[in-house]
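Q: Could you show me how to read the strands, salt bridges and surface of a protein model, taking one feature at a time?

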Amino acid sequence: MEICETIGATRAATHAARQAGRRISLVPTMGALHEGHLSLVRIAKAQSDFVVVSIFVNPLQFGPTEDLAKYPRTFERDRRMLEQAGADLIFAPTPGEMYPVPPATYVNVEGMSERLDGASRPGHFRGVTTVVAKLFHIVEPDLAVFGQKDAAQVAIIRRMVRDSNFPLAIVAGPIVREPDGLAMSSRNAYLNAEQRQQALVLSRALGQMQQAFHQGERSADRLIDAGTAVFRETPAVRVDYVCVVDPDSLEAIAEIKSSALVAVAAYVGTTRLIDNIVLTASGKS
Ligand code: AMP
(Lines give C-alpha, C1' and ligand atoms only; values in the text may rest on other atoms or scores of the structure.)
Protein backbone atom coordinates (compact mmCIF):
# COMPACT_ATOMS: atom_id res chain seq x y z
CA MET A 1 0.00 0.00 0.00
CA GLU A 2 1.38 3.35 -1.05
CA ILE A 3 1.08 6.49 1.10
CA CYS A 4 1.08 9.81 -0.75
CA GLU A 5 1.10 13.20 0.88
CA THR A 6 1.29 15.22 -2.30
CA ILE A 7 -1.11 15.75 -5.16
CA GLY A 8 1.71 15.09 -7.63
CA ALA A 9 2.60 11.68 -6.20
CA THR A 10 -1.07 10.70 -6.07
CA ARG A 11 -1.62 11.72 -9.68
CA ALA A 12 1.47 9.74 -10.74
CA ALA A 13 0.27 6.61 -8.92
CA THR A 14 -3.31 6.77 -10.22
CA HIS A 15 -2.05 7.55 -13.72
CA ALA A 16 0.13 4.42 -13.62
CA ALA A 17 -2.78 2.33 -12.37
CA ARG A 18 -5.01 3.66 -15.15
CA GLN A 19 -2.31 2.96 -17.75
CA ALA A 20 -2.19 -0.59 -16.44
CA GLY A 21 -5.92 -0.88 -17.16
CA ARG A 22 -7.05 -0.83 -13.56
CA ARG A 23 -10.43 0.50 -12.51
CA ILE A 24 -9.90 3.13 -9.81
CA SER A 25 -12.12 3.82 -6.83
CA LEU A 26 -11.98 6.57 -4.23
CA VAL A 27 -13.21 6.48 -0.63
CA PRO A 28 -12.98 9.99 0.86
CA THR A 29 -12.62 10.09 4.67
CA MET A 30 -11.46 12.35 7.47
CA GLY A 31 -9.62 9.46 9.17
CA ALA A 32 -10.25 8.17 12.71
CA LEU A 33 -11.46 5.12 10.87
CA HIS A 34 -14.00 2.61 12.08
CA GLU A 35 -15.91 -0.33 10.66
CA GLY A 36 -18.23 2.05 8.75
CA HIS A 37 -15.29 3.38 6.73
CA LEU A 38 -13.90 -0.13 6.20
CA SER A 39 -17.25 -1.31 4.85
CA LEU A 40 -16.89 1.36 2.14
CA VAL A 41 -13.36 0.16 1.35
CA ARG A 42 -14.72 -3.36 0.92
CA ILE A 43 -17.42 -2.10 -1.45
CA ALA A 44 -14.75 -0.19 -3.37
CA LYS A 45 -12.56 -3.30 -3.56
CA ALA A 46 -15.42 -5.39 -4.89
CA GLN A 47 -16.12 -2.88 -7.67
CA SER A 48 -12.63 -1.79 -8.70
CA ASP A 49 -9.04 -2.97 -8.70
CA PHE A 50 -7.21 0.07 -7.33
CA VAL A 51 -8.66 1.53 -4.14
CA VAL A 52 -7.61 5.03 -3.08
CA VAL A 53 -8.62 6.18 0.41
CA SER A 54 -8.18 9.85 1.19
CA ILE A 55 -7.63 10.98 4.76
CA PHE A 56 -8.06 14.70 5.11
CA VAL A 57 -9.69 16.70 7.88
CA ASN A 58 -11.02 19.41 5.59
CA PRO A 59 -10.95 22.82 7.31
CA LEU A 60 -13.36 24.21 4.71
CA GLN A 61 -16.29 22.14 5.99
CA PHE A 62 -15.93 23.13 9.66
CA GLY A 63 -17.62 26.21 11.05
CA PRO A 64 -15.63 28.65 13.21
CA THR A 65 -17.04 27.20 16.46
CA GLU A 66 -16.84 23.54 15.40
CA ASP A 67 -14.44 20.73 16.33
CA LEU A 68 -11.71 21.12 13.65
CA ALA A 69 -8.84 21.38 16.15
CA LYS A 70 -9.98 18.50 18.35
CA TYR A 71 -11.19 16.20 15.54
CA PRO A 72 -9.50 12.82 16.23
CA ARG A 73 -6.36 12.20 14.16
CA THR A 74 -5.16 8.59 14.36
CA PHE A 75 -3.08 8.16 11.23
CA GLU A 76 -0.92 5.20 12.31
CA ARG A 77 -3.96 3.17 13.34
CA ASP A 78 -5.83 4.19 10.17
CA ARG A 79 -2.84 3.12 8.06
CA ARG A 80 -2.79 -0.35 9.66
CA MET A 81 -6.56 -0.76 9.22
CA LEU A 82 -6.41 0.22 5.56
CA GLU A 83 -3.43 -2.02 4.88
CA GLN A 84 -5.38 -4.91 6.39
CA ALA A 85 -8.50 -4.00 4.40
CA GLY A 86 -6.48 -4.12 1.18
CA ALA A 87 -6.49 -0.47 0.12
CA ASP A 88 -3.90 0.33 -2.55
CA LEU A 89 -3.13 3.97 -1.80
CA ILE A 90 -3.71 6.45 1.01
CA PHE A 91 -3.83 10.07 -0.03
CA ALA A 92 -3.15 12.05 3.14
CA PRO A 93 -2.39 15.64 2.21
CA THR A 94 -1.69 18.49 4.62
CA PRO A 95 -4.07 21.46 4.61
CA GLY A 96 -1.26 23.42 2.90
CA GLU A 97 -1.08 20.86 0.09
CA MET A 98 -4.82 21.06 -0.55
CA TYR A 99 -5.14 24.81 0.01
CA PRO A 100 -1.75 26.48 -0.68
CA VAL A 101 -3.67 29.78 -0.69
CA PRO A 102 -7.15 30.34 0.72
CA PRO A 103 -9.45 29.23 -2.11
CA ALA A 104 -11.39 31.79 -4.11
CA THR A 105 -13.17 29.05 -6.07
CA TYR A 106 -15.90 26.98 -4.49
CA VAL A 107 -18.25 24.29 -5.67
CA ASN A 108 -21.71 24.78 -4.24
CA VAL A 109 -24.91 22.87 -4.88
CA GLU A 110 -27.43 25.63 -4.37
CA GLY A 111 -30.59 24.95 -2.44
CA MET A 112 -29.74 21.42 -1.34
CA SER A 113 -26.68 22.68 0.55
CA GLU A 114 -28.91 24.78 2.81
CA ARG A 115 -31.09 21.82 3.83
CA LEU A 116 -30.70 19.40 6.77
CA ASP A 117 -27.19 19.86 8.21
CA GLY A 118 -26.69 22.81 5.89
CA ALA A 119 -29.33 24.75 7.82
CA SER A 120 -27.48 24.51 11.13
CA ARG A 121 -23.95 24.32 9.67
CA PRO A 122 -23.76 27.21 7.16
CA GLY A 123 -21.06 26.59 4.57
CA HIS A 124 -20.58 22.95 5.61
CA PHE A 125 -21.78 21.34 2.39
CA ARG A 126 -20.01 23.96 0.27
CA GLY A 127 -16.81 22.88 2.02
CA VAL A 128 -17.62 19.23 1.34
CA THR A 129 -18.44 19.65 -2.36
CA THR A 130 -15.41 21.87 -2.89
CA VAL A 131 -13.00 19.33 -1.41
CA VAL A 132 -14.71 16.34 -3.03
CA ALA A 133 -14.52 18.07 -6.44
CA LYS A 134 -10.79 18.60 -5.83
CA LEU A 135 -10.35 14.95 -4.84
CA PHE A 136 -12.20 13.84 -7.97
CA HIS A 137 -9.87 15.96 -10.13
CA ILE A 138 -6.77 14.68 -8.34
CA VAL A 139 -7.62 10.97 -8.31
CA GLU A 140 -9.90 10.81 -11.38
CA PRO A 141 -11.64 7.70 -10.06
CA ASP A 142 -14.08 5.54 -12.00
CA LEU A 143 -16.24 5.36 -8.90
CA ALA A 144 -16.41 6.98 -5.50
CA VAL A 145 -17.95 5.37 -2.44
CA PHE A 146 -19.77 7.33 0.26
CA GLY A 147 -21.71 6.25 3.33
CA GLN A 148 -25.48 6.49 3.60
CA LYS A 149 -24.74 7.63 7.18
CA ASP A 150 -24.31 11.10 5.65
CA ALA A 151 -27.41 10.82 3.46
CA ALA A 152 -27.63 14.53 2.62
CA GLN A 153 -23.96 14.51 1.62
CA VAL A 154 -24.51 11.63 -0.82
CA ALA A 155 -27.54 13.34 -2.37
CA ILE A 156 -25.66 16.62 -2.76
CA ILE A 157 -22.61 14.92 -4.28
CA ARG A 158 -24.80 12.99 -6.71
CA ARG A 159 -26.31 16.31 -7.79
CA MET A 160 -22.86 17.90 -8.16
CA VAL A 161 -21.70 14.98 -10.33
CA ARG A 162 -24.81 15.22 -12.47
CA ASP A 163 -24.74 19.00 -12.84
CA SER A 164 -21.01 19.17 -13.60
CA ASN A 165 -20.56 15.98 -15.65
CA PHE A 166 -17.96 14.35 -13.46
CA PRO A 167 -17.17 11.11 -15.33
CA LEU A 168 -17.60 8.71 -12.44
CA ALA A 169 -20.21 6.62 -10.62
CA ILE A 170 -21.30 7.36 -7.06
CA VAL A 171 -21.93 4.33 -4.86
CA ALA A 172 -23.56 4.58 -1.43
CA GLY A 173 -22.81 2.02 1.30
CA PRO A 174 -25.32 1.18 4.07
CA ILE A 175 -24.95 2.57 7.60
CA VAL A 176 -22.83 0.38 9.86
CA ARG A 177 -24.06 0.37 13.46
CA GLU A 178 -22.80 -0.70 16.86
CA PRO A 179 -24.60 -3.79 18.20
CA ASP A 180 -26.97 -1.57 20.23
CA GLY A 181 -27.98 0.47 17.18
CA LEU A 182 -25.78 3.57 17.47
CA ALA A 183 -24.53 4.55 14.02
CA MET A 184 -20.74 4.36 13.96
CA SER A 185 -19.07 7.76 13.81
CA SER A 186 -15.60 9.11 14.49
CA ARG A 187 -17.33 11.62 16.78
CA ASN A 188 -18.64 8.83 19.04
CA ALA A 189 -15.13 8.92 20.57
CA TYR A 190 -16.09 12.23 22.21
CA LEU A 191 -18.88 10.63 24.25
CA ASN A 192 -18.44 9.64 27.90
CA ALA A 193 -20.20 6.51 29.21
CA GLU A 194 -23.39 8.36 30.14
CA GLN A 195 -23.56 10.23 26.85
CA ARG A 196 -22.89 7.00 24.95
CA GLN A 197 -26.14 5.64 26.46
CA GLN A 198 -28.02 8.88 25.78
CA ALA A 199 -26.87 8.79 22.14
CA LEU A 200 -29.05 5.73 21.56
CA VAL A 201 -32.05 8.05 21.45
CA LEU A 202 -31.24 8.89 17.81
CA SER A 203 -31.64 5.33 16.50
CA ARG A 204 -34.55 4.75 18.91
CA ALA A 205 -36.43 7.77 17.52
CA LEU A 206 -35.83 6.54 13.96
CA GLY A 207 -37.02 3.07 14.96
CA GLN A 208 -40.21 4.53 16.38
CA MET A 209 -40.84 6.48 13.18
CA GLN A 210 -40.15 3.40 11.10
CA GLN A 211 -42.61 1.38 13.17
CA ALA A 212 -45.32 4.05 12.78
CA PHE A 213 -44.65 4.06 9.03
CA HIS A 214 -45.00 0.28 8.85
CA GLN A 215 -48.28 0.59 10.73
CA GLY A 216 -49.53 2.78 7.91
CA GLU A 217 -48.67 6.32 8.98
CA ARG A 218 -47.82 8.42 5.91
CA SER A 219 -48.08 11.94 7.33
CA ALA A 220 -44.64 13.51 7.78
CA ASP A 221 -45.89 15.72 10.61
CA ARG A 222 -47.23 12.77 12.57
CA LEU A 223 -44.06 10.77 11.98
CA ILE A 224 -42.00 13.73 13.15
CA ASP A 225 -44.22 13.98 16.26
CA ALA A 226 -43.57 10.30 16.98
CA GLY A 227 -39.81 10.81 16.68
CA THR A 228 -39.83 14.01 18.70
CA ALA A 229 -41.73 12.27 21.51
CA VAL A 230 -38.92 9.72 21.80
CA PHE A 231 -36.33 12.51 22.03
CA ARG A 232 -38.35 14.14 24.81
CA GLU A 233 -37.68 11.09 27.00
CA THR A 234 -33.98 11.99 26.97
CA PRO A 235 -33.98 15.74 27.71
CA ALA A 236 -30.18 15.81 28.05
CA VAL A 237 -30.03 15.37 24.27
CA ARG A 238 -30.84 18.54 22.34
CA VAL A 239 -32.55 17.93 19.00
CA ASP A 240 -31.26 19.87 16.00
CA TYR A 241 -33.72 18.47 13.46
CA VAL A 242 -36.12 15.61 12.81
CA CYS A 243 -36.92 15.70 9.09
CA VAL A 244 -38.88 13.76 6.51
CA VAL A 245 -37.53 14.71 3.08
CA ASP A 246 -37.31 13.54 -0.50
CA PRO A 247 -34.16 11.35 -0.67
CA ASP A 248 -32.95 12.99 -3.90
CA SER A 249 -33.87 16.68 -3.56
CA LEU A 250 -33.82 16.82 0.27
CA GLU A 251 -37.01 18.89 0.11
CA ALA A 252 -39.49 18.40 2.93
CA ILE A 253 -42.44 16.20 2.02
CA ALA A 254 -45.83 16.31 3.71
CA GLU A 255 -47.13 12.88 2.78
CA ILE A 256 -44.95 9.86 1.96
CA LYS A 257 -46.02 8.43 -1.38
CA SER A 258 -43.12 6.29 -2.53
CA SER A 259 -40.05 6.81 -0.36
CA ALA A 260 -38.66 9.25 2.16
CA LEU A 261 -35.42 9.97 3.92
CA VAL A 262 -36.01 10.32 7.64
CA ALA A 263 -33.06 12.13 9.16
CA VAL A 264 -32.23 13.28 12.66
CA ALA A 265 -29.46 15.37 14.20
CA ALA A 266 -28.94 16.05 17.87
CA TYR A 267 -26.38 17.31 20.34
CA VAL A 268 -25.27 14.88 23.02
CA GLY A 269 -23.34 17.21 25.31
CA THR A 270 -21.41 19.27 22.77
CA THR A 271 -21.15 16.40 20.28
CA ARG A 272 -23.40 16.67 17.25
CA LEU A 273 -24.57 13.28 15.97
CA ILE A 274 -26.64 12.40 12.91
CA ASP A 275 -28.53 9.31 11.79
CA ASN A 276 -31.17 8.39 9.23
CA ILE A 277 -33.29 5.70 7.63
CA VAL A 278 -34.94 5.46 4.24
CA LEU A 279 -38.60 4.46 4.29
CA THR A 280 -40.12 2.93 1.19
CA ALA A 281 -43.81 2.38 0.67
CA SER A 282 -43.13 -1.09 -0.74
CA GLY A 283 -42.44 -2.07 2.85
CA LYS A 284 -38.67 -2.40 2.65
CA SER A 285 -36.60 0.19 4.49
P1 AMP B 1 -16.00 10.85 7.59
O2 AMP B 1 -14.63 10.33 7.87
O3 AMP B 1 -16.86 10.97 8.79
O4 AMP B 1 -15.99 12.08 6.71
O5 AMP B 1 -16.70 9.73 6.72
C6 AMP B 1 -16.11 9.26 5.54
C7 AMP B 1 -17.12 8.41 4.81
O8 AMP B 1 -17.49 7.32 5.64
C9 AMP B 1 -18.41 9.16 4.46
O10 AMP B 1 -18.84 8.78 3.16
C11 AMP B 1 -19.36 8.69 5.53
O12 AMP B 1 -20.71 8.75 5.13
C13 AMP B 1 -18.90 7.26 5.73
N14 AMP B 1 -19.33 6.74 7.02
C15 AMP B 1 -19.14 7.31 8.24
N16 AMP B 1 -19.73 6.58 9.19
C17 AMP B 1 -20.33 5.54 8.57
C18 AMP B 1 -21.12 4.43 9.02
N19 AMP B 1 -21.43 4.26 10.31
N20 AMP B 1 -21.56 3.55 8.10
C21 AMP B 1 -21.27 3.73 6.78
N22 AMP B 1 -20.52 4.73 6.30
C23 AMP B 1 -20.06 5.63 7.19
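The dialogue below takes up a sheet, its salt bridges and a surface patch in turn.

A: Please keep in mind from the outset that this is a predicted model.

Q: How are the strands of the sheet that contains E7 ordered?

A: In general, strands of a sheet pair through backbone hydrogen bonds, in either a parallel or an antiparallel manner. Here, 3 strands form an open sheet in the order E7-E8-E9, and the pairing is antiparallel. Strand E7 (237-245) and strand E9 (271-280) are at the edges; each has a single partner strand, so one side of each lacks a neighbour in the sheet. From one strand to the next, the twist averages 15°.

Q: How many bridges join strand E8 to E9, and which residue of E9 is the bridge partner of Leu-261?

A: Strand E8 (residues 259-268) is joined to E9 by 10 bridges, and the two run antiparallel. The bridge partner of Leu-261 in E9 is Val-278.

Q: Which helix lies across E7, E8 and E9?

A: That is helix H9 (residues 200-214), which runs at about 20° to E9.

Q: Which salt bridge links a residue of strand E9 with one of strand E7?

A: A salt bridge is read from a side-chain nitrogen of Lys or Arg within 4 Å of a carboxyl oxygen of Asp or Glu. Arg-272 and Asp-240 form such a pair, with their closest N and O atoms 2.8 Å apart. This pair links distant parts of the chain, since Arg-272 belongs to strand E9 and Asp-240 to strand E7, 32 residues apart. Arg-272 is buried, at a relative accessible area of 13%, whereas Asp-240 is partly exposed at 26%.

Q: How many salt bridges does the whole structure hold, and where do Arg-79 and Glu-76 lie?

A: A search of the whole structure gives 13 salt bridges. Arg-79 and Glu-76 both belong to helix H3 (residues 75-85), where they are 3 residues apart, about one turn of the helix. Their side chains meet in a salt bridge with an N to O distance of 2.7 Å. Both also take part in a network of salt bridges that links Glu-76, Arg-79, Arg-80 and Glu-83. Another of the salt bridges joins Arg-42 to Glu-35, with the closest N and O atoms 2.1 Å apart.

Q: Which residues make the nonpolar surface patch of about 220 Å²?

A: Met-1, Ile-3 and Phe-75 make this patch. Met-1 lies in the segment before strand E1 (2-4) and counts as partly exposed, with 33% relative accessibility.

Key: Residues are numbered from 1 along each chain as its sequence is written. This is a predicted model: local features need pLDDT of at least 70, side-chain atom pairs count only at pLDDT 80 or more; totals for chains, interfaces and linings use all residues. Side-chain values use heavy atoms; hydrogens and water are left out. Patches are made of residues with over 30% relative accessible area and no salt bridge: like charges are joined within 9 Å, nonpolar side chains (Val, Leu, Ile, Met, Phe, Trp, Tyr) within 5 Å. Accessible areas come from the Shrake-Rupley method with a 1.4 Å probe; for residues, only the protein chains shown count as cover. Helices (H or I, at least four residues) and strands (E, at least two) are DSSP runs, numbered from the N terminus. Buried means under 20% relative accessible area, exposed over 50%, partly exposed in between (1.4 Å probe, protein chains only). Two strands pair if DSSP finds at least two bridges between them. Axes are lines fitted to C-alpha atoms, for helices over the stretch in contact, and angles run from 0 to 180 degrees between N-to-C directions. Contact means heavy atoms within 4.5 Å.
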